[in-house]
Amino acid sequence: RYSFIDGARQCAAGASYGGHLANWMQATTTRYKCLVSHAGAINNESQWGTSDSIYSRERNMGGPHWENSAKWAEQNPIKFAKDFKTPTLVTVGENDFRVPLNQSLEYWSTLQRMKVPSKLVVFEGENHWILKGENGRYFYSEVHGWLKKWL
């Protein structure tokens with residue numbers, strides 16, 4: 001429909017909830033040539049116990065994961081790891097309390113185990129967002145390098 005869009009060369013990228021959505025795309029489609037996930041939850045169950053937002057997650061899911069496990073599982077990207085295929089750049093701030101470092105480590109480890117091309121970048125001293133100028137510059141150089149490599 002639009003001549004400036006190449007449907008064969010698409011990447012999905014997101015941060016925070018957008019990172020979670022990029023992870024969900026990893027679990028549910030092979031449409032994209034690559035993904036970029038910053039501070040995205042990969043495992044709703046393990047995030048429940050490590051995040052600073054336990055209450056809202058429980059409220060949205062209708063209770064804790066041990067009481068409503070089917071709903072938690074059907075919306076949990078890690079449960080679909082056998083289908084992971086899309087090359088992914090995973091980034092996170094070391095001091096992220098919203099989507100803690102363990103989520104990115106778990107995602108990257110799973111990608112490595114599934115032999116999916118992937119790279120993990122942890123930003124020392126950063127939180128949920130990359131706020132320091134030089135770190136921001138480095139983040140975008142990593143994203144551009146990832147796009148150049150895979151698109």
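Q: Helices here are DSSP runs (H or I) of at least four residues, numbered from the N terminus. In this predicted model, which helix supplies the largest share of the lining of the largest pocket?

A: Let's start with the candidates: α1 (17-28), α2 (44-48) and α3 each supply at least two residues of that lining. One of these helices gives four residues, the largest share. That helix is α3.

Q: How many residues line the largest pocket?

A: The space in this pocket comes to about 330 Å³. Nearest its centre lie Tyr-17, His-20, Asn-44, Gln-47 and Arg-57, and these five belong to a longer list of lining residues. The full lining holds 16 residues.

Q: Which helix holds both Glu-134 and Arg-137?

A: The side chains of Glu-134 and Arg-137 meet in a salt bridge, with 2.7 Å from N to O. Both ends are exposed, because Glu-134 has a relative accessible area of 54% and Arg-137 has 55%, while the cut-off for exposed is over 50%. The two residues are three apart, about one turn of the helix. Their shared helix, residues 133-150, is α6.

Q: How many residues apart are Glu-45 and Lys-79?

A: Glu-45 and Lys-79 form a salt bridge of 3.9 Å, N to O. This pair links distant parts of the chain, with Glu-45 in helix α2 and Lys-79 in the loop between α4 and β3. Along the chain, the separation is 34 residues.

Q: Is Lys-82 buried or exposed?

A: Lys-82 shares a salt bridge with Asp-83, 3.2 Å from N to O. Its partner Asp-83 has a relative accessible area of 28%, so Asp-83 is partly exposed. Lys-82 reaches 63%, and since a residue needs over 50% to pass the upper cut-off, Lys-82 is exposed.

Q: Is Phe-84 buried or exposed?

A: Phe-84 sits in the loop between α4 and β3 (88-93), so you might wonder how its relative accessible area compares with the cut-offs. The value is 3%, and under 20% is the range for buried residues. Phe-84 is therefore buried.

Q: Which three residues form a nonpolar patch on the surface?

A: One member, Phe-4, lies in the segment before β1 (11-15). Phe-4 has a relative accessible area of 69%, so this residue counts as exposed. Together the members have about 370 Å² of accessible area, and they are Tyr-2, Phe-4 and Ile-5.

Q: What is the geometry of the aromatic pair Phe-139 and Tyr-140?

A: A pair of aromatic rings is described by the distance of the centres and the angle of the planes. The count of such pairs in the model is eight. For Phe-139 and Tyr-140 the centres are 4.9 Å apart and the planes stand at 80 degrees. Because planes over 60 degrees apart fall in that class, this pair is edge-to-face.

Q: Which residues do ring pairs link into a cluster?

A: Phe-139 is a good place to begin: its relative accessibility is 12%, so Phe-139 counts as buried. Ring pairs join Phe-139 to a cluster of aromatic residues. The members are Phe-123, Tyr-138, Phe-139 and Tyr-140.

Q: How far apart in space are Glu-67 and Ala-81, C-alpha to C-alpha?

A: Glu-67 is in the loop between α3 (54-61) and α4 (69-74), and its 59% relative accessibility makes Glu-67 exposed. In sequence, Glu-67 and Ala-81 are 14 residues apart. In space, the distance between them is 23 Å.

Conventions
Residues numbered from 1 in each chain as written. Predicted model: local features only at pLDDT ≥ 70, side-chain atom pairs only at ≥ 80, totals over all residues. Heavy atoms only, no water. Patch = residues over 30% accessible without salt bridge, like charges linked within 9 Å, V, L, I, M, F, W, Y side chains within 5 Å. Areas by Shrake-Rupley, 256 points an atom, 1.4 Å probe, with all protein chains shown as cover. Salt bridge = Lys/Arg side-chain N within 4 Å of Asp/Glu carboxyl O. Buried < 20%, exposed > 50% of the residue type's maximum accessible area, 1.4 Å probe, protein only. Phe/Tyr/Trp six-rings, centres within 6.5 Å; stacked < 30°, edge-to-face > 60°. 1 Å grid on protein atoms, 1.4 Å probe; cavity = no way out; pocket = protein on both sides within 12 Å on 5 of 7 lines; lining within 4 Å. Points joined across faces, edges and corners; volume = space filled by probe spheres on them.
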